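Visitor: Could you take me through this structure and explain what the terms rest on?

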Amino acid sequence: MAPGPVTLLGHGRLGSALVEGWRLTGTVENLTVLTRADPAVCPGGTRVLVIAVKPGAWRDAVAPLVSTLPAGAVVLSVMAGVRAAALATALPGHPIARVMPTTAVAEGRGIAAVWSEDPGARSVAHRLFDPVADTVDLADEALMDAATAVAGSAPAFFYAMAEALAEAGTAAGLPPEAAARLARGALRSAGSGADSDQSLETLISRIASPGGTTRAGLDALLDKGLDHAVRAAVEAAIDRARRLARDQPA
Ligand SMILES: NC(=O)c1ccc[n+]([C@@H]2O[C@H](COP(=O)([O-])OP(=O)(O)OC[C@H]3O[C@@H](n4cnc5c(N)ncnc54)[C@H](OP(=O)(O)O)[C@@H]3O)[C@@H](O)[C@H]2O)c1
């Protein structure tokens, strides 16, 4: 349960997913959502300000809230590439936590990396995100960019893989609609395996028997550089987060 009234700034893709997840799990009793249309005022009593606007928009969005954010309120940012130091400069005196969640928080099934150097703020982050996500604590803020790539961005990587799979199925003669449904269903099946306690290695070996069709496909994927392609995707996402941070003076 949240440690008191929560104000959420930004109601886009992630902000609305958070609202859904918190409603579903009863995590936040007293939630105010501030969109661009609302007066930029933090309700009195706000104990946590969650910032869920785009990294390029947060300074303008936060500036009018500073004077009404109650002393001691925790600032919790879900923004990629915005450093705690920059947030601390704009919101002096407030404990800061960073969380990098996926939009599956809407169903209470997200994954979220959590970092703060303030134990109280870290605990607030857990109280808000443990009910809607599997939370992974990071020891160092610098690891947030890697977590963003491996979790926050990665659902899109898996969707892109399913899209490529559907295209390959169509090229192999399946009607496009059937190929798309089959690829999507395969992604869903993989997801339910990932929900189990089995290691990824075990999950793979349950499907890929030696000498079988799946093993042949996996060997071709590896041979064509799956690991290099994935590493390049993660490095590009990390690089982008670092550039975003560099473009925003602390
Ligand atoms: N989407 C994801 O999967 C995901 C995952 C992890 C982290 N994140 C992080 O979450 C943040 C939001 O991403 P998103 O995908 O949700 O973006 P989004 O869909 O564009 O949502 C951002 C929202 O912020 C609103 N906004 C902008 N300025 C505002 C202001 N002054 N006051 C109130 N609301 C304002 C925007 O409203 P307008 O449309 O009117 O501009 C929009 O509704 C980003 O920093 C991103 O790094 C996203």
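Guide: What follows is a conversation about strands, a helix and domains.

Guide: This is a predicted model, in which local features need pLDDT of at least 70, side-chain atom pairs count only at pLDDT 80 or more, and totals for chains, interfaces and linings use all residues. Residues are numbered from 1 along each chain as its sequence is written, and side-chain values use heavy atoms, with hydrogens and water left out.

Visitor: How do you know that strand S6 and strand S7 are joined?

Guide: Two strands pair if DSSP finds at least two bridges between them, and five bridges join S6 (residues 110-115) to S7 (residues 133-137), so these parallel strands count as a pair. Within them, Ala112 stands opposite Thr135 in S7.

Visitor: Why is the crossover from S6 to S7 called right-handed?

Guide: The term applies if, with the strands pointing away from the viewer, the path from the first strand over the helix to the second runs clockwise; the chain crosses from S6 through helix H4 (residues 119-129) to S7 in this right-handed way.

Visitor: What makes the buried residues of helix H7 lie on the same side?

Guide: Buried means under 20% relative accessible area and exposed over 50%, with partly exposed in between (1.4 Å probe, protein chains only). The buried residues of H7 are Ala179, Ala183, Gly185 and Gly193. They cover an arc of only 165° around the axis, taken from the directions to the C-beta atoms, and therefore sit on the same side of H7. On the other side of H7, Glu177, Arg181, Arg184 and Arg188 are exposed.

Notes: Helix = DSSP H or I, 4+ residues; strand = E, 2+ residues; numbered from the N terminus.
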